[in-house]
Amino acid sequence: MKVVLEHLTKRYPNRNKKEGGEVVAVGDFTFEIPDGKLVGLLGPSGCGKSTTLNMISGLTEPTEGKIFFGDDDVTKLPPENRGVGLVFQNYALYPHLTVMKNILFPLQNLKGPDKLTKEEMNARALEAARLVQIEALLDRKPSEMSGGQQQRVAIARALVKMPRVLLLDEPLSNLDARLRLQTREEIRRIQRETGITTVFVTHDQEEAMSISDVIVVMKEGYVQQIDEPQNVYDDPVNLFVAKFLGTPAINVFEGHVAAEQLYIGGEPVLRVTGVPDQDVYVGIRPEGFVPDEKGNFGCGVSRVEVMGRDTSIIAENSACISGQIRAIISSVRKIDKNAASVRFSLLPEKVHLFSKETEERIRFRE
Amino acid sequence: MGKSKYKGWLYLLPAIVFLAVFMVYPLVDVLVYSAEEGYSFASQTYTGTGLFNYSYVLHDPYFLQAVKNTFLIVIITVPLSTGFALLISLALTSIPKLKNLFQTIYFLPYVTNTLAVGLVFMILFKPTFYTDGMVNLLIKFFGGQAVDFIEGPYWAKMFVMCFYTIWVVLPFKILILTSALASVDQNLYNAAKIDGTSKSRTFFRITLPMISPMLFYLIITGFIGAFKAYSDEVALFGTNLNVAGMNTIVGYVYDMLYSSGGGYPSYASAAAIMLFVIVLTITCINLMVSRRSVHY
Amino acid sequence: MTDLSRDYTKIEQAARTRKKIVHTVIYIFLVFWALMVLFPFYWMILSSLKSYSAYNGEYIPKFFTLSPTLENYVNAFNAVPLAKYFSNTLIFTLATTAIMLVVIILAAYAFAKLDFPGKNITFTLFLALMMIPNELVIITNFVTITNLDLRNTFTGLILPSITSVFYIYLLKENFAQVPDELYKAAKVDGCSDMKFLLKVMVPICRPTLVTVVILKVIECWNSYVWPRLITDDANYFLVSNGIQEIRENGFGRDNIPAMMAAVVVISVPLIILFLIFHKKIMEGVSRGGTKG
């Protein structure tokens with residue numbers, strides 16, 4: 001089932017009554033989620049990703065725009081008629097019911113021609129339990145389980161009625177780091193097995209990158225970029241997206257382009273063919289620095305962190321506006337830890353230029 | 001170090017002194033009183049010990065009337081007020097606007113002097129020489145017959161009594177239930193909604209179990225409170241409740257203690273102890289039931 | 001379009017209509033009960049503003065008055081000692097609340113933070129006392145106060161109600177939440193127990209103390225049973241007893257407007273208090289209220 005959002009908009013009255021007017025929670029969101037894909041909605045808190053999800057589920061009514069499931073316009077349809085499964089951040093399991101009864105709950109709501117017999121219900125519930133691998137826990141109550149197990153039950157409950165679309169609202173953020181890793185792989189596996197179109201909301205870019213077929217990056221209600229995870233990372237459309245994706249974060253500098261030459265702190269660091277003369281922001285990924293004695297880019301070294309697989313050089317440069325510079329080098333290269341300064345040459349594909357006024361990406365040829 | 005070890009007792013001293021004099025000693029004393037036969041308040045002497053006081057109270061028609069009244073009040077007002085409070089709280093929770101305003105209005109009776117407002121109820125329900133009173137005029141308007149609710153037939157008096165009691169106890173129950181409802185995780189409802197759960201199923205399978213601890217708390221305190229009904233009765237029917245036929249067990253205790261004849265603390269004690277036993281029994285039953293029905 | 005989409009429109013419409021109807025019904029119900037709650041208040045104010053002759057002249061009472069008068073209020077203060085009842089209640093309420101605060105703060109502090117032999121068993125005994133109903137002990141207290149010759153005195157009125165096991169418990173739970181590290185740090189800094197209590201514990205636990213004060217003030221202002229037993233001199237009547245006295249002996253039975261004026265006067269202080277602090281009061285009652 002593909003899901004189409006057309007100019008989807010949600011405005012709320014301003015909570016601060018003195019200012020009045022309206023706040024845009026989601027603005028003009030247009031996007032087609034292909035059938036059977038897993039889409040990650042990514043952005044900082046308050047960017048409108050949960051509102052978008054709630055509009056897809058039907059819990060929130062959009063101010064403008066339309067939502068289609070396949071060819072059906074479901075914009076004004078109440079949630080129970082949409083056939084969506086929703087998984088919450090805090091699981092929202094019924095605390096007084098056992099796991100089995102929690103999973104059975106949605107099935108027992110079915111009426112009319114959809115009504116199931118007891119045996120059918122039990123079979124479906126067991127099937128869902130098997131899918132998320134909690135068959136052994138069916139008689140437990142939610143309070144007797146770990147967070148990861150509870151989240152699996154929640155997913156089983158969402159899947160048991162065979163929804164057309166599965167929606168996951170920050171499903172991993174109440175889990176500890178190890179469980180988070182494990183559960184996210186689990187979700188990926190379940191999604192692949194069932195082939196249900198899935199929307200996944202998160203503020204954790206690593207999570208979104210690792211699990212999604214397509215990432216939608218949002219900021220303050222507006223979509224910034226929609227693309228496959230690697231493309232969003234390699235080819236960000238603006239400074240916000242560049243900064244939001246990647247750990248460690250991208251290093252940002254003030255720079256200047258003159259005669260197709262990029263200058264940072266007065267040093268010519270890179271040829272940027274096709275860029276008119278102007279002031280720019282320069283984003284350089286940590287892996288874009290190559291230690292090179294003849295390199296054009298010089299920095300003072302604060303310290304060197306050895307992390308086994310690779311080495312981080314923490315450096316300083318007066319043009320850097322994102323705190324300290326962090327460069328990641330393969331540990332095969334030996335670095336003099338006591339050096340006071342270091343010179344780098346830059347990998348052009350890891351260097352992104354952004355307009356100083358609009359913060360939009362400026363592309364260049366090498 | 002030796003001195004500071006007992007410092008805690010020093011802080012406790014005032015509380016302990018007051019509790020000892022006004023709670024522990026009276027507790028023992030009330031048992032003693034209830035066993036002292038023919039105790040005279042004036043001379044502070046008694047003729048013997050035994051269970052005569054209990055038997056006297058149990059054969060006193062005023063006491064039997066008081067027991068009947070009290071049980072009626074309990075049986076009628078506790079379920080009605082709890083159910084009605086639940087209904088109002090559900091309504092309050094489901095509306096988008098004006099919730100705070102309604103809540104504040106509903107709470108108003110809690111902070112008013114029940115004796116004072118009881119007087120207003122009395123004039124609303126009582127026909128006088130000049131007028132039949134508001135309520136009777138309404139009854140007549142709908143084709144009924146005027147009744148003296150304050151000094152008339154028993155059922156009419158019991159009706160006003162229960163109506164006023166419910167009016168007085170609702171604010172507390174509404175407050176507790178609305179906050180219980182508000183503390184149910186909204187996502188449970190969202191989850192249920194997405195699964196197409198019907199309104200009634202949502203209520204019986206989610207809402208009710210989730211607020212059941214608070215509901216039982218209200219039922220238990222409601223029983224205790226209703227068994228101790230007294231000042232609401234005074235508010236409506238005046239201090240001479242025996243004559244009005246609307247006395248309660250607590251009223252009986254006080255009347256025994258402070259009658260024009262100088263008081264009979266022994267009878268009062270016997271009646272009070274019987275009340276205590278009744279309340280204790282009912283509370284225990286309530287607790288057992290709630291243990292079985294509260295799911296988590 | 002397809003059949004399915006037409007179906008959807010129908011479902012949408014039905015859901016919308018249902019929602020509207022349900023909301024309307026709910027609002028009507030809520031407004032109805034709000035009127036039931038407010039009506040007695042409106043009626044007492046209205047009646048208190050009608051003159052004696054106007055009130056009794058209306059066979060069918062009017063729901064408004066065009067010639068409001070304050071004569072009933074003058075009457076209420078002159079014909080019966082309403083001002084006296086009022087000041088008695090004020091003294092009683094303030095004194096009881098103040099003394100009780102001191103007693104329960106000390107006790108709660110001892111249970112929460114101090115260590116002394118027999119603490120746990122004493123606390124258990126305290127909790128057991130919570131189950132004792134007032135009705136059981138009031139008999140002996142009445143006799144005790146009478147024997148001490150304290151009837152018709154403020155001391156007699158106040159004494160039995162200045163401890164409350166429930167409030168000690170409530171406060172102790174709150175005190176216990178203040179981290180022990182604070183206490184230890186204060187001790188190391190040479191702060192005495194009493195000073196720690198006053199300078200640290202009390203300010204931190206102010207919300208609970210406010211709750212207790214609110215509950216106690218309401219309880220005092222409306223107390224009826226004990227004052228009725230212990231006072232028969234009108235000079236020591238509290239408002240509740242005063243209102244009962246007015247009903248049975250004051251004004252003459254039929255002067256309902258004057259009665260209502262008195263009722264308004266004694267109801268107003270708490271209502272004003274409520275209107276100003278309604279959030280705090282409702283919060284406090286839901287945390288520690290037991291009436292009902």
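Select Gly283(A) first: the bridge partner of this residue is His352(A), in strand S20 of chain A. The model on display is a predicted one.

Next, extend the selection to the two strands, residues 278-284 and residues 351-355 of chain A. These are strands S14 and S20, and they pair in the antiparallel sense over 5 bridges.

Now display the sheet to which these strands belong. In chain A, 6 strands form an open sheet, and following the order S13-S12-S11-S14-S20-S21 leads across it. The pairing in this sheet is antiparallel. Colour residues 267-271 and 361-362 of chain A to mark its edges, strands S13 and S21. Each of these has a single partner strand, so one side of S13 and one side of S21 remain without a neighbour in the sheet.

Turn then to the contact between chains A and B. Here 18 residues of chain A meet 16 residues of chain B. On the chain A side, select strand S6 (84-87) and helix H2 (99-108), the elements that give two or more residues to it. By class, this side of chain A comprises 10 nonpolar, 5 polar and 3 charged residues.

Finally, hide chain A and bring up chains B and C. Their contact takes 76 residues from chain B and 75 residues from chain C. Select residues 7-35 of chain B: this is helix H2 of that chain, which gives the most to the side touching chain C, with 17 residues. Colouring that side of chain B by residue class shows 55 nonpolar, 16 polar and 5 charged residues.

Definitions and conventions:
Residues numbered from 1 in each chain as written. Chains lettered and ligands numbered in written order. Predicted model: local features only at pLDDT ≥ 70, side-chain atom pairs only at ≥ 80, totals over all residues. Contact = placed C-beta atoms within 7 Å. Helix = DSSP H or I, 4+ residues; strand = E, 2+ residues; numbered from the N terminus. Nonpolar A, V, L, I, M, F, W, Y, C, P; charged D, E, K, R; others polar. Pairing = 2+ DSSP bridges.
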